[in-house]
Amino acid sequence: MARYIVTRIVYMVITLFIIASITFFLMKLMPGTPLSAADRLPEAQQQIVLEQYGLDKPVPLQYVDYMLGLVQGDLGVSFQFDNRDVSSILENRIGPSLQLGIQSLIIGSFLGAILGLIAAIFHNGILDFSSTLLAVIGTSIPSFIFAGLLQYYLGVQWQVLPVATWGTFAHTIMPTIALLIFPMAICARFMRTEMLEVLNKDYIMTARAKGVKWSSVILKHGLRNALIPLITVLGPLAVSLLTGTLVIEQIFAVPGIGEQFVTAVTTNDYPMIMGTTLFFSFLFVLIILIIDILYGIIDPRIRLDGGK
Amino acid sequence: MSNETILEVKNLSVSFKTANGEVQAVRDISFSVGKGETLAIVGESGSGKSVTTKALMGLLPAPKGYIKNGNILYGDEDFAKLSDKQMTKYRGKDFAMIFQDPMTSLNPTMKVGTQVMEGLRMHRGMNKEEAKTEAVRLLELVRIPDAKARMDQYPHQFSGGMRQRVVIAIALACDPKVLIADEPTTALDVTIQAQILDIMKDIQEEFETSIIFITHDLGVVANVADRVAVMYAGKIVEIGAVDELFYNPKHPYTWGLLGSMPTVDQREEELFAIPGTPPDLLHPPKGDAFAPRNRYALKIDYEEQPPMFQVSETHYAATWLLHENSPDVQPPASVQQRIEEMDGKWEAGQ
């Protein structure tokens with residue numbers, strides 16, 4: 001297991017290196033310069049500023065400089081925030097984004113799994129149809145619509161929750177709900193399909209022939225087997241949440257990474273773009289690793305040591 | 001073997017609701033099983049043999065499959081009348097089942113030991129430690145080497161034959177009175193088949209378990225059964241002691257089954273096959289369902305279903321050929337020859 005994780009971490013580093021390289025050159029292809037907002041500066045001064053940030057060098061050289069800094073853990077300084085370290089800006093902004101992401105992923109997948117389970121147990125009944133309907137609504141309506149509805153009703157009309165901004169736990173409720181609907185709907189659909197399939201398996205018949213109660217058949221024999229495919233979708237779901245936060249953070253004025261990212265892109269804040277991209281990528285490969293480890297725990301047929 | 005009847009099935013009919021209408025999978029069958037006796041039910045795919053066993057266990061796929069009529073009498077209870085919940089008391093305890101495909105009949109995410117212990121803890125009220133000891137004993141009983149270490153392994157770490165032993169151990173956990181084996185050896189290779197059959201025979205001798213053995217392999221039937229029921233299109237067409245069925249078969253379908261059994265001596269000849277296909281049980285025929293495939297069919301076979309004619313005290317067959325007014329028809333020469341061959345082998349084997 002330990003060997004497996006070490007190998008995976010090496011691959012993670014390679015992946016991140018490739019992502020950093022591609023992003024760097026793509027970013028340089030973007031139109032405009034960080035100075036585009038300050039076009040009125042005399043040429044000579046522009047030159048001084050570019051030199052100061054190393055932007056006057058040829059792009060490959062800039063790449064080497066950036067990568068050398070990166071391996072030393074230096075993400076550079078932000079252009080737009082008075083030369084503050086990118087890493088310190090990210091640090092300040094990780095909290096809200098992570099909290100929203102984790103809250104909505106955990107609650108969403110948990111609720112979704114329960115909904116799907118209920119739908120499977122009462123297959124073709126009224127509960128099944130209502131949970132399917134809910135799932136369809138959840139997958140087809142984008143999160144920002146829910147965000148707007150929530151703000152209008154909970155925030156403005158009934159005034160039970162703060163409309164936007166960040167501060168107390170109450171501030172996190174609405175963005176979390178808006179974010180969790182999609183993963184919840186996806187999980188519900190998956191859980192229902194998987195559970196129905198599992199309940200048709202031979203080993204369910206064996207368990208029933210043993211005299212196991214129907215409820216125990218579902219919980220002890222069905223659930224674990226139905227969860228295996230569900231874990232597969234958690235990875236892509238976590239990623240969709242990362243991108244989902246970009247929009248939701250804007251709507252609720254949450255001072256998170258997503259909001260920061262959007263500003264960085266529009267102002268050509270190169271180190272900030274790189275830093276945020278790398279952070280998102282790191283989160284993504286980490287989630288994939290966690291999911292693979294979870295697989296090994298839930299499904300005994302998957303051996304993480306790669307066999308002996 | 002005593003004459004005490006342990007299970008009696010009377011006029012059992014099982015149907016399935018489908019989009020096209022009612023499929024009558026089992027149509028009015030009756031049979032009984034004595035204590036310590038092995039009843040083999042043979043027939044081709046779709047003859048209703050598996051459905052019969054599922055009905056006995058109360059494991060018909062609800063709500064599509066249901067018992068339409070009849071009784072399944074065990075002790076004072078009629079299983080045909082019990083709810084799914086009431087049946088859980090008997091399932092695994094009085095009636096246990098061995099399934100066809102050991103590769104899929106064990107839960108892949110649960111330790112083998114836990115799967116064996118489950119029944120022990122439920123029906124025999126054992127605590128974890130007692131159940132563990134008992135489970136090891138059961139695994140040893142079905143001759144799994146190194147049973148103690150195997151308890152903590154998962155099904156994918158077992159071979160097919162070993163898995164089937166585990167399935168048998170699970171079935172035996174609560175000393176069932178009736179063991180229903182639904183083609184337990186079909187998915188196994190021949191050497192493993194023999195071992196599994198041996199284990200089942202030994203267990204039957206030791207515990208006086210009654211066994212209902214579903215198979216389409218007549219070789220296995222000759223090996224394990226005391227009595228045989230032949231099913232065709234949801235009905236029992238012939239039932240009798242194993243010798244009676246093999247040496248004095250009366251129903252043309254049984255002739256066909258015996259004739260289509262491949263033997264080692266038969267090198268050059270083409271293998272006999274019963275022509276045609278079984279009827280669609282969505283619309284069962286009015287007369288004898290086998291008539292269109294039966295070259296000895298009489299006119300009445302198309303009009304009216306034959307009743308069970310008694311051949312001997314234990315031997316019954318549902319064919320109009322046994323009616324006193326019917327012409328005297330003997331089994332085809334090839335089948336007679338086959339019977340003589342078997343007779344020779346049987347005696348040589350005894």
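Over how many bridges do strand β1 and strand β4 of chain B pair, and in which sense? Keep that in mind while you load the predicted model.

**Stop 1: the sheet in chain B.** Select residues 5-18 of chain B for β1 and residues 65-74 of chain B for β4. The two strands pair over 8 bridges, in the antiparallel sense. Now pick S15(B). Opposite S15(B) stands Y66(B), in β4(B).

Widen the selection to the whole sheet. The sheet is open, has 4 strands and runs in the order β2-β1-β4-β5 (chain B). Its pairing is antiparallel. At the edges are β2 (21-34) and β5 (77-78) of chain B, each paired on one side only.

Add residues 49-57 of chain B. This is helix α1 of chain B, which packs on the sheet and touches β1, β2 and β4 of chain B. The direction of α1 makes about 70° with that of β2(B).

**Stop 2: the annotated spans.** Select residues 7-258 of chain B. An unreviewed UniProt entry places "domain: ABC transporter" there. The span is 37% helix and 28% strand, with end C-alpha atoms 28 Å apart.

Switch to residues 94-295 of chain A. Here UniProt, again in an unreviewed entry, places "domain: ABC transmembrane type-1". This span is 84% helix and 0% strand, and its end C-alpha atoms lie 27 Å apart.

**Stop 3: where the chains meet.** Show both chains. In contact are 18 residues of chain A and 24 residues of chain B. On chain A, select α8 (202-209) and α9 (214-251); each supplies at least two residues of the side that touches chain B. The most comes from α8(A), with 7 residues. Color that side of chain A by class: 6 residues are nonpolar, 4 polar and 8 charged.

Notes. Residues numbered from 1 in each chain as written. Chains lettered and ligands numbered in written order. Predicted model: local features only at pLDDT ≥ 70, side-chain atom pairs only at ≥ 80, totals over all residues. UniProt positions renumbered as here; feature names shortened; annotations may be inferred. Contact = placed C-beta atoms within 7 Å. Nonpolar A, V, L, I, M, F, W, Y, C, P; charged D, E, K, R; others polar. Pairing = 2+ DSSP bridges. Axes fitted to C-alpha atoms, helices over the stretch in contact; angles between N-to-C directions.
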